[in-house]
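Here is a short guided tour to read with the structure open beside you. Each section takes up one part of the fold or its ligand site.

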Amino acid sequence: MHTEAEILKRTGGRPVEGVVYDAERLAVRVRELGAAITAYYPDGELLVLGLLKGSFIFLSDLVRSILRPHQVDFLVAASYGSGTASSGAVQLVYDPETVLTGKHILLVEDIVDSGNTLNRLMRLLRTRGPASLEICALLHKRIATHLEREPQFVGFDAPNKFLVGYGLDHAEDFRHLPFIANLKE
Ligand code: PRP
């Protein structure tokens with residue numbers, strides 16, 4: 001449980017509407033996801049790719065729950081306006097230095113909203129010749145009209161609200177919260 005005083009202290013008094021997933025619930029679900037991922041990949045090289053910045057806390061907890069050898073790297077995608085969303089183009093500000101070819105790639109996202117980010121990245125990563133390509137998303141709003149690929153692993157079906165904390169931001173604030181809350185609309 002997170003008290004009102006704790007929440008206000010952490011946010012500097014900026015009001016959040018309420019806690020949607022508290023730290024304990026997140027920890028339990030992340031351990032379950034780690035167990036499911038461990039069971040899903042019996043053989044071969046596994047590379048867990050975290051999409052920054054939103055996935056940074058989820059990723060760090062998740063990899064410690066995956067009980068098999070794997071490598072960890074990151075992706076940083078350039079932000080585009082909505083005008084380029086359907087073009088299929090994506091530019092990586094940081095491109096993984098590890099070789100992707102022939103490895104099982106697990107792309108880790110904090111949240112699937114419109115699905116545009118995932119769709120662009122899936123198209124790009126497919127060109128790198130991975131042995132397999134799956135997605136693990138902590139939150140899935142289930143509002144995307146088209147997804148190139150549904151995430152194989154989903155933490156929670158999330159409400160269609162402005163969610164912050166546990167890596168998710170509003171104008172770069174709130175990422176540090178150990179829980180996920182929704183902002184007042
Ligand atoms: C957010 C979030 C997802 C993406 C989901 O990233 O972290 O990556 O948007 O939205 P979509 O499904 O509509 O594409 P953002 O671009 O805000 O960058 P961040 O990860 O650095 O916060």
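How many bridges join β5 to β6, and do these strands run parallel or antiparallel? Eight bridges link the two, and the strands run parallel. Please keep in mind throughout that this is a predicted model.

## Strands β5 and β6

A good place to look at this pairing is Leu106, whose bridge partner in β6 is Glu134. Strand β6 covers residues 132–140. It is mostly covered, with nine of its nine residues buried.

## The ligand and its shell

Moving on to the ligand, you will find 15 residues around it. The closest are Asp110, Asp113, Ser114, Gly115 and Thr117. By character, the shell divides into six charged, five polar and four nonpolar residues.

Several polar atoms of the protein lie beside oxygen atoms of the ligand. A polar backbone atom of Gly115 is 2.7 Å from a ligand oxygen, and a backbone N or O atom of Gly54 lies 2.9 Å from a ligand oxygen. From a side chain, an N or O atom of Arg175 is 3.1 Å from an oxygen atom of the ligand. Taken alone, the ligand exposes 500 Å², and the protein buries 72% of that. Which elements give two or more residues to the shell? They are β2 (46–52), β5 (104–112) and α4 (116–126). Of the elements, β5 gives the most, with four residues.

## Helix α4

Besides its part in the shell, α4 has a set of buried residues: Leu118, Asn119, Arg120, Leu121, Met122, Leu124 and Leu125. What do the buried residues of α4 pack against? Their partners are the strands β2, β3, β4, β5 and β6.

## Leu46 and the strand β2

Leu46 lies in strand β2. Is Leu46 buried or exposed? Its relative accessible area is 3%, under the 20% cut-off, so Leu46 counts as buried. Leaving aside neighbours within four places in sequence, Leu46 is in contact with Ile37, Tyr41, Ile66, Arg68, Pro69, His70, Gln71, His104 and Leu106. You have already met Leu106 as the bridge partner of Glu134. By contrast, Tyr166 is 120 residues from Leu46 in sequence and 24 Å away in space, C-alpha to C-alpha.

After β2, have a look at the peptide bond between Leu52 and Lys53: it is cis, with omega about 5°. Lys53 itself sits in the loop between β2 and α3.

## Two loop residues, Ser65 and Thr98

Ser65 is found in the loop between α3 (56–63) and β3 (71–77). Despite the loop setting, Ser65 is buried, with a relative accessible area of 13%. Beyond its neighbours within four places in sequence, Ser65 is in contact with Val30, Arg31, Gly34, Ala35 and Thr38.

Thr98 belongs to another loop, the one between β4 (92–94) and β5. At 26% relative accessibility, Thr98 counts as partly exposed because that value falls between the cut-offs of 20% and 50%. With neighbours within four places set aside, the contacts of Thr98 are Leu47, Gln71, Asp73 and Lys103. The C-alpha atoms of Thr98 and Asp73 are separated by 7.3 Å, although the two residues are 25 apart along the chain.

## The open sheet of three strands

Three strands form an open sheet in the order β1-β9-β8, with antiparallel pairing. Which strands are at the edges? They are β1 (16–21) and β8 (163–164), each of which pairs on one side only. Four bridges join β1 to β9 (residues 180–183). Within this pair, Val19 stands opposite Ala181.

## Positive phi angles

Two residues are worth a look for their backbone angles. Arg142 has a positive phi of about 60° although it is not a glycine. Arg142 lies in the loop between β6 and β7 (153–157) and is partly exposed, at 44% relative accessible area.

Ala171, also not a glycine, has a positive phi of about 50°. Ala171 lies in the loop between β8 and β9. Is Ala171 buried or exposed? Its relative accessibility is 64%, over the 50% cut-off, so Ala171 counts as exposed.

Definitions and conventions. Residues numbered from 1 in each chain as written. Predicted model: local features only at pLDDT ≥ 70, side-chain atom pairs only at ≥ 80, totals over all residues. Heavy atoms only, no water. Near = heavy atom within 4 Å. Polar contact = N/O pair within 3.5 Å; in protein donor to acceptor, adjacent residues only side chain to side chain. Areas by Shrake-Rupley, 256 points an atom, 1.4 Å probe, with all protein chains shown as cover. Nonpolar A, V, L, I, M, F, W, Y, C, P; charged D, E, K, R; others polar. Pairing = 2+ DSSP bridges. Buried < 20%, exposed > 50% of the residue type's maximum accessible area, 1.4 Å probe, protein only. Contact = heavy atoms within 4.5 Å.
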